[in-house]
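Reader: I have a model open and would like to go through its labels with you. Could you show me the reasoning behind each one?

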Amino acid sequence: MTHIKSRIMITTAFLIILSVSCYLPLLNVLENSDFSSFKELAKNLFFSIGYACLVALFWKNRFTRIFAFLMITIWIVNYSITFSIYLLFNTALDSQLTMTILCSNLNEAKNFIIAYWHLALILLFIFIIFCLSINSLSYNLKNKTLVIISSLLILTVGYKVCELTLRGKFNEPNFLMSEKLSSYMTLNNYAVFLRTYEDMKILNNVEDNRPIYNLDIKETEIDTYVLVLGESVRRDHVSLNGYERLTMPNMQKRKQELFIFEQAISAAPITTMALTSALTMKPVNSDDYLLLADNIINLANQAGYETYWYSLQRPLGQYNTVITSIAKMSDHLEWLDITKNDDIFPPKIDEALNDRTVQKQKKLIVIHTNGSHFLACNQYPQSEKYFTGGESIVADCYDDSIRFTDKILEQIFVMLEGKHASVFYFSDHGQVRRMKRGELDYFHGSINPSKESIEVPQFIWYSPILSSHDKKLGSYPHLYSTGNNYYLLANWLGIKAINEQVISSPLIDSYYPENNFIIMDTRSNIFRYENMRSDKNIGKE
């Protein structure tokens, strides 16, 4: 009877460990039915059993139990990433999602933990189950069995290392041994993070690869340009674009001073992909990060502008992110307090306007806002609460955050309306509309994004004192991708040609509308806008 109970305990421990460590990380493998997918599953199953037995072997001895505890923690963190990413995005971790995570600031991480606190309880429970399972294995399997299975794991990993050495992989510049070892130990998410982190090192070399331009510049009376990078605003929640709630009352009052893009879409559903395609010559489907050096800040610098960048997005330790690598090319760069709201920006713009230390007569000021980012209720002061009784509390907060952006833009316009100035505003991407625990919620798109998650507001404001030949008012009714904003921003700054190549955009009367836009998700899937799914009716059924 005791023997039977022991076998039951061992089997249960194995089932728990293997289901957590193998099955969930391989959900995407199981979507396919070909032989290679099941071969991958079998490989991970083998490494999971070996890893569990190695941990159980360390657990047996009180002096090595600390190593077992550390290995369990590493395993749980890997599983936590798999569980969270799959729950939120219905996919496995990939390089683009990893880039987004690494580019997030501490405030964004805190907001995520607050919103998904229940995940922490689930993962704590799983951690306890892991420890109990390992304890069961260590006491119900003989040392000899654990040593044999653990040895098979170590010998297999050793064989793989020798094989890679003989094949000369260590001499390849992009080879990363820690990435390979992580995947062999079924720590698949660590492998993705290590590869992405390694790739991000190239961003530190972006400044060294900045191109030199031969520019043809049109002289205008505009001497102050402000570029406002919005965050996570769906166009169908902007009253300027027809939304029934008055989310942008000030912009509507100033409609006669605006040039409005009625059908602007982003090239991707996440910030890192959307903004790099909007501000640089790097297409959304390109992996050549050195193209980031060919960006709107570099253009403005060489066109004779004094450039300023104020942002709540910071570098990742000693490494740049895709956004900060662009920002660092500006003449003046300031990382602001991430705990502040967007009302921190108008004083900074005023500070730049009154900067008398510079010799250049024209200025480009870029502000990277929080806008309507995840957990929109935290993106504005509670004194700015306006909407109630909507589809959900989150929906009310989301609309409030857009109304707060409208207020910030109005403050900027009031500051500039007596100057020869122009302001360019667009949101990097929208949000996916979804149900969360029975309530309407808004979240970043990732895999298979909805149309609405890439439909964004975009408009240009011109000071009323500007001459008519220096501004374009009205609207652009055609579909337009912010992935073409590099040329649009160049025209906005008065640049007519780059290296003797005439550039065109909707600001030019002869511009011919395009309709073949690249839209890409984090798994590098390419979409046609007209074929994308819609989420506008979610929560209304």
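Reader: Happy to start. In which helix is Phe 46 found?

Author: Phe 46 sits in helix H2, which covers residues 35–60. Bear in mind as we go that this is a predicted model.

Reader: What makes Phe 46 "partly exposed"?

Author: Its relative accessibility is 35%. Buried means under 20% and exposed means over 50%, so Phe 46, at 35%, counts as partly exposed.

Reader: And with which residues does Phe 46 form a nonpolar patch?

Author: With Ile 148 and Leu 152. Together the three have about 260 Å² of accessible area on the surface.

Reader: Which residues does UniProt list as "transmembrane region"?

Author: The unreviewed UniProt entry lists residues 7–26, 41–59, 66–89, 114–134 and 146–166. In the model, residues 66–89 are 100% helix, with end C-alpha atoms 34 Å apart. Residues 146–166 are also 100% helix, and there the end C-alpha atoms lie 30 Å apart.

Reader: How many helices and strands does the whole chain have?

Author: There are 16 helices and 15 strands. Of the 541 residues, 54% are buried, and residues 24 or more positions apart account for 77% of the contacts with a separation of 6 or more.

Reader: Let's turn to the interior. Which residues touch the most other members of the largest nonpolar core?

Author: Leu 227, Leu 279, Leu 299, Trp 309, Leu 364 and Trp 492 do, in a core of 51 residues. Helix H16 (residues 485–492) gives the most to this core, with five residues. A second, separate core has 40 residues, including Val 233, Val 238, Leu 240 and Ile 365.

Reader: What is Trp 309 in contact with, beyond its neighbours within four places in sequence?

Author: Its contacts include Leu 229, Leu 279, Ile 297 and Val 366, and among them are also Ser 330, Glu 334 and His 368.

Reader: Now the charged pairs. How do you know that Glu 417 and Arg 254 meet in a salt bridge?

Author: The N to O distance between their side chains is 3.0 Å. The cut-off is within 4 Å, so at 3.0 Å the pair qualifies as a salt bridge.

Reader: Why can one say that this pair ties together separate parts of the sequence?

Author: Glu 417 lies in the loop between helix H15 and strand S7, and Arg 254 in the loop between helix H10 and strand S3, so the bridge links parts that are 163 residues apart in sequence.

Reader: Are the two partners buried or partly exposed?

Author: One of each. Arg 254 has a relative accessible area of 9%, so it is buried, while Glu 417, with 30%, is partly exposed. Salt bridges that share partners also join Arg 254 and Glu 417 with Glu 257 and Glu 410 into one network.

Reader: What about Asp 400: why is it called buried?

Author: Because its relative accessibility is 1%, and buried means under 20%. Asp 400 forms a salt bridge with Lys 385, the closest N and O atoms being 3.0 Å apart. Asp 400 lies in helix H15 and Lys 385 in the loop between strand S6 and H15, so this pair ties together parts 15 residues apart in sequence. Lys 385 itself is partly exposed, with a relative accessible area of 34%.

Reader: How many salt bridges does the structure hold?

Author: It holds 16. One of them joins Arg 528 and Glu 530, at 2.7 Å from N to O. Arg 528 is partly exposed, with a relative accessible area of 43%, and Glu 530 is partly exposed with 43%.

How values were computed:
Residues numbered from 1 in each chain as written. Predicted model: local features only at pLDDT ≥ 70, side-chain atom pairs only at ≥ 80, totals over all residues. Heavy atoms only, no water. UniProt positions renumbered as here; feature names shortened; annotations may be inferred. Helix = DSSP H or I, 4+ residues; strand = E, 2+ residues; numbered from the N terminus. Buried < 20%, exposed > 50% of the residue type's maximum accessible area, 1.4 Å probe, protein only. Contact = heavy atoms within 4.5 Å. Patch = residues over 30% accessible without salt bridge, like charges linked within 9 Å, V, L, I, M, F, W, Y side chains within 5 Å. Areas by Shrake-Rupley, 256 points an atom, 1.4 Å probe, with all protein chains shown as cover. Core = buried A, V, L, I, M, F, W, Y, C linked by side-chain atoms within 4.5 Å.
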